[in-house]
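Hi everyone, thanks for coming. Let me put today's structure up on the screen, and then we can walk through a few parts of it together.

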Amino acid sequence: MKVILVDDERMMHLILSTMLLKLPEVELAGTFTDTKSAAAFLEEHPDVELAFVDLSMPGEGGMAFAARLAAAGSPVQIVFVTSHKEFALEAYDLSVLDYLVKPVSQERLARTVNRVLTQRRAAPARLSPLPEVQAPAGSGRVRLTMLGDVAVSSGAGRVKWTSRKCAELFAYLLLLRGKRVPRSRLVADIFGGMHKANAESYLNTTVYQLRKSLEPLGLREAIRSENDGYALELQAPVIDYLEFEQEAAALHTIEPPDIERAMRIEQLYTGELFGDKAYVWAIHETERYAELYASFVKRLAAALIASRDSAAASKLLLKLNKRNPLDESVIRQLMVVHELAGDKKGLNAVYTDYVRLLSRELGIKPSGDLIYLYDSLVRRISELK
């Protein structure tokens, strides 16, 4: 990960450079004594991911620099390094990653860097942003798009999140919709790793930002404060992940007359819960919805195979295979699809690729049942020719 330092004190360059060199996954791309030269460097080096920026510098200060980068849509994450503790609350208004107070310890610096590295590992590839979801004109009903995104919209428009933490706090409260969440739990789960006092201040700022973000849609009061905690209360919203779950559960069996409806339900799942945000606290629900989707698609694929629609079945199964290449049940269905189409070459490719994957990743051989199925399907294709 490439980082830069922006500080008018040369001594801080030496100190932070020495500390950063001790972190194996960090590459110091440049050091700058003013924001103008740092900004010019970032324009020419879009692969820089993190900037350690002093708040107080001659000319443009750190806050103005961070605000300018944010306005330009820069993906660079900012960490303020300063002697001025009192600016922490204002700094977090700019959605910076962290706030380090001088003198900075090696442990504290490593913790900040590890937060960025963890995010990178959890989300190695960014999903393309989804089209804006607009409610029908004149409709006051709120629609929450949380599969593949974190978006809130209604006939009045779409919420523009003030910061990343603002969107995360909304997502957290949504999963516990209507239930009060203690401040201590929010601090631990959303702002973990920060100094307690800074985390509590950051939470105050984020609650304020969230209410401001929801205000244009008339939803400011949806964030309710009570008993040293917060709750989210919305009037009959349309929530995409609940809609998918309810529709999929309602279709207990998928017979030929149900296939068209099932195909529409499959399209409701537009991505994993909260998209590429990779919220650690949401991992169990993210996995649960991913498994619900996989189970539903396997049932739908079985119905398509029974209806001899191999093209539609193959398309859905390949989506599942991309998500989890080690799922043997998907391989079984893909093999049957190729047998149905009389495609011996495709059948062999699916089977041999899976055997290689098992050997390479797990050091094991395919199950006896899968070998038997493969042999049976190959014989069946040969007998038909």
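Let's start with a question: which residue in β11 is the bridge partner of V181? That would be Y230. Before going further, please keep in mind that this is a predicted model.

So, where does that pair sit? β9 is joined by two bridges to strand β11, residues 229-232, and the two strands run antiparallel. They belong to an open sheet of three strands, ordered β9-β11-β10, with antiparallel pairing. At the edges are β9, residues 181-182, and β10, residues 223-225, each of which pairs on one side only. A helix packs on this sheet as well: α8, residues 196-214, touches β10 and β11. The direction of α8 makes about 140 degrees with that of β10. As a general reminder, strands of a sheet pair through backbone hydrogen bonds, either parallel or antiparallel.

There is another sheet to look at. This open sheet has four strands in the order β8-β7-β6-β12, and its pairing is mixed. Its edge strands are β8, at 157-158, and β12, at 238-239, and each pairs on one side only. If you zoom in on strand β6, residues 143-145, you'll find two bridges joining β6 to β12, and here the strands run parallel. Within that pairing, R143 stands opposite V238 in β12.

Now for the helices, and my favourite one to show you, α10. Which residues of α10, spanning 259-268, are buried? They are I259, A262, I265 and E266. These buried residues lie on the same side of α10, because they cover an arc of only 115 degrees around the axis. The general rule behind this kind of pattern is that an α-helix has 3.6 residues a turn, so residues three or four places apart point the same way. On the face of α10 turned away from the buried side, you can find E260 and Q267, which are exposed.

What covers the buried residues of α10? The cover includes α9 (240-250), α11 (283-306) and α12 (310-323). Let me stay with α11 for a moment. The axes of α10 and α11 come within 10 Å and cross at roughly 150 degrees. The two helices are therefore roughly antiparallel to each other, and their crossing is left-handed. As for the side that α10 brings to this contact, I259, A262, M263, I265 and E266 meet a set of α11 residues: Y293, F296, V297, L300, A303 and L304.

Between these two helices there is a loop, and K277 has its place in it. Is K277 buried, exposed or partly exposed? With a relative accessible area of 33%, K277 is partly exposed. If we leave aside neighbours within four places in sequence, K277 is in contact with D149 and V150. Compare K277 with E25: they are 252 residues apart in sequence, and their C-alpha atoms are 22 Å apart in space.

Let me finish by stepping back to the chain as a whole. Its secondary structure comes to 15 helices and 12 strands. The C-alpha trace spans about 80 × 50 × 35 Å along its principal axes. Of the 385 residues in the chain, 47% are buried. And if you take contacts between residues at least 6 apart in sequence, 63% of them join residues at least 24 apart. Thanks for listening!

Key
Residues numbered from 1 in each chain as written. Predicted model: local features only at pLDDT ≥ 70, side-chain atom pairs only at ≥ 80, totals over all residues. Heavy atoms only, no water. Pairing = 2+ DSSP bridges. Contact = heavy atoms within 4.5 Å. Axes fitted to C-alpha atoms, helices over the stretch in contact; angles between N-to-C directions. Buried < 20%, exposed > 50% of the residue type's maximum accessible area, 1.4 Å probe, protein only. Arc of directions from axis to C-beta. Parallel < 35°, antiparallel > 145°, perpendicular 65-115°, else oblique. Left-handed = near helix turned anticlockwise from the far one by under 90°.
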